[in-house]
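Trainee: Please take me through one part of this model closely, the strands and how they are arranged into sheets. I would also like to see what packs against them.

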Amino acid sequence: MNTREGDYAYHVEVDLPGVQKKDINVEVKDNRLMISGERKSKKEVKEVGYYRSESSYGKFERGFALPEGVDSENVKASCEEGVLEVTLPKLMMDKNKKSKQIKVT
């Protein structure tokens, strides 16, 4: 798993070899990013006088607290060649915005 921060977003990359897209769940809830899924693999070799069957199954789950300033409404996830990338855009703050005086009551 790798994480990095860009100018406009945070990026989380997770290696998931052998896991199909339909078996991956990405969720943002209560200011947390949750990545979970299930690996299902079965390989069979049938030859004359020889038969081999291997199975590999397992569930996984990983959670992260999100940093302040993440636009949780626009999180995107994609999976290509066994690598899941989750993009967590930053909320854009208007740097030219004037300060606002708050009246204390």
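**Sheets, core and one loop residue**

Mentor: In this predicted model, four strands form an open sheet in the order β1-β2-β7-β6, and their pairing is antiparallel. At its edges are β1, residues 2-5, and β6, residues 76-80, each of which pairs on one side only. Neighbouring strands in this sheet are turned against each other by 15° on average, with direction ignored. Strands of a sheet pair through backbone hydrogen bonds, which may be parallel or antiparallel in arrangement.

Take the β6 end of that order. β6 is joined by five bridges to β7, residues 83-89, and the two run antiparallel. One residue pair can be picked out on screen: glutamate 80 has valine 83 of β7 as its bridge partner.

There is also an open sheet of three strands, ordered β3-β4-β5 and again with antiparallel pairing. Here the edge strands are β3 (24-29) and β5 (50-65), each pairing on one side only. From one strand to the next, the twist averages 5°. Between β4, residues 32-47, and β5 there are 16 bridges, and these two strands run antiparallel. To find the register, look at serine 36, which stands opposite glutamate 61 in β5.

Now the packing. The largest nonpolar core has 15 residues. Those with the most contacts inside this core are Val12, Leu33, Ile35, Leu84, Val86 and Leu88. β2 (9-15), β4 and β7 are the elements that give two or more residues to the core. The four-strand sheet includes β2 and β7, while β4 belongs to the three-strand sheet, so strands from both sheets contribute to this core. In soluble globular proteins, nonpolar side chains tend to be buried together.

Leucine 88 shows the packing residue by residue. Leaving aside residues up to four places away in sequence, leucine 88 touches Ala9, Tyr10, Val12, Leu33, Leu66, Val70 and Val75. Val12 and Leu33 are, like Leu88, among the core residues with the most contacts.

A last stop is valine 19, which sits in the loop between β2 and β3. Valine 19 counts as buried because its relative accessibility is 8%, and the cut-off for buried is under 20%. Its contacts, again not counting residues up to four places away in sequence, are Ile24, Glu38, Arg39 and Phe60. For glutamate 38, the distance can also be given between C-alpha atoms: 7.0 Å from that of valine 19, with the two residues 19 apart along the chain.

Methods: Residues numbered from 1 in each chain as written. Predicted model: local features only at pLDDT ≥ 70, side-chain atom pairs only at ≥ 80, totals over all residues. Heavy atoms only, no water. Pairing = 2+ DSSP bridges. Axes fitted to C-alpha atoms, helices over the stretch in contact; angles between N-to-C directions. Core = buried A, V, L, I, M, F, W, Y, C linked by side-chain atoms within 4.5 Å. Buried < 20%, exposed > 50% of the residue type's maximum accessible area, 1.4 Å probe, protein only. Contact = heavy atoms within 4.5 Å.
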